[in-house]
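Open the model in your viewer and keep the selection tool ready. Each stop below says what to select and what is there.

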Amino acid sequence: VALARDGDRPISVSETGDDARNVILWMDHRGVREAQDINDTAHDVLKYVGGVVSPEMQAPKLLWLKRNLKRCWDGVGHFFDLPDFLTYKCTGSTVRSLCCLVCKWNYVCDQTQSRWDDSYWKQIGLEDFPEEEYERIGSRAVEPGTLVGHITKEAASEMGLAPGT
């Protein structure tokens with residue numbers, strides 16, 4: 001899910017420019033070339049995902065956006081996977097789940113470390129992320145089940161829930 005830098009509005013990830021199309025599905029394969037370019041780096045980060053990325057992972061999709069949809073790339077304030085987007089919509093928190101980040105975003109997490117690898121993003125051509133301290137893709141990651149906030153009044157109203165739960 002892509003949201004604009006200047007607010008909580010959607011921003012298009014389509015060639016038509018339709019802002020209602022601000023979601024890239026897992027099965028979107030526009031980033032096949034980008035996945036191959038990333039795999040050709042043989043970066044150490046890839047060992048955490050079986051040695052290769054697929055076009056269904058986030059890095060190839062984001063690299064494709066940067067290369068092909070400059071208006072979108074320049075205008076996006078946040079990229080979210082669906083679980084983290086739902087957390088954001090309910091709480092306003094941009095905290096990300098380690099589960100999503102490790103599985104699809106090439107976030108490094110093992111017994112000794114939990115971090116983004118700056119050299120990976122720079123090498124694949126997405127140097128914007130380390131330069132901006134990962135603000136658009138998640139500067140803070142937490143374990144699944146961690147309390148990241150309480151439901152906002154707006155979200156509670158939309159879902160028929162008690163505010164603050």
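Select Asp81. Setting aside neighbours within four places in sequence, Asp81 contacts Gln58, Cys100, Lys104 and Trp105 (contact: heavy atoms within 4.5 Å). This is a predicted model: local features need pLDDT of at least 70, side-chain atom pairs count only at pLDDT 80 or more, and totals for chains, interfaces and linings use all residues. Residues are numbered from 1 along each chain as its sequence is written, and side-chain values use heavy atoms, with hydrogens and water left out.

Stay on Asp81. It sits in the loop between β2 (76-79) and α4 (82-91). Helices (H or I, at least four residues) and strands (E, at least two) are DSSP runs, numbered from the N terminus. Show Trp105 too: its side chain makes a polar contact with the side chain of Asp81, at 2.9 Å. A polar contact is a pair of N or O atoms within 3.5 Å; within protein, one must be able to donate a hydrogen and the other to accept it, and residues adjacent in sequence count only if both atoms are side-chain atoms.

Which side chain of opposite charge is nearest to Asp81? Lys104, 4.9 Å away; Asp81 is buried yet has no salt bridge. Lys and Arg count as positive, Asp and Glu as negative; His and the chain ends are not counted. Buried means under 20% relative accessible area, exposed over 50%, partly exposed in between (1.4 Å probe, protein chains only). A salt bridge needs a side-chain nitrogen of Lys or Arg within 4 Å of a carboxyl oxygen of Asp or Glu.

Next, select Cys100. It is buried, at 10% relative accessible area. Its sulfur is 5.6 Å from the closest cysteine sulfur, in Cys99, too far for a bond. The whole structure has 0 disulfides (a disulfide: cysteine sulfur atoms within 2.5 Å).

Now the salt bridges. The whole structure has 12. Select Asp37 and Arg33: their side chains meet at 3.8 Å, N to O. Both lie in helix α1 (residues 32-41), 4 residues apart, about one turn of the helix. Add Arg67, which pairs with Asp37 at 2.8 Å. Arg67 is in helix α2 (residues 58-68), so this pair ties together parts 30 residues apart in sequence.

Last stop: Lys66 and Asp128. Their closest N and O atoms are 2.6 Å apart in a salt bridge. Lys66 lies in helix α2 and Asp128 in helix α7 (residues 128-131), so the pair ties together parts 62 residues apart in sequence. Lys66 is buried at 19%, and Asp128 is buried at 16%. Extend the selection: salt bridges that share partners join Arg5, Lys66, Glu127, Asp128, Glu132 and Arg136 into one network.
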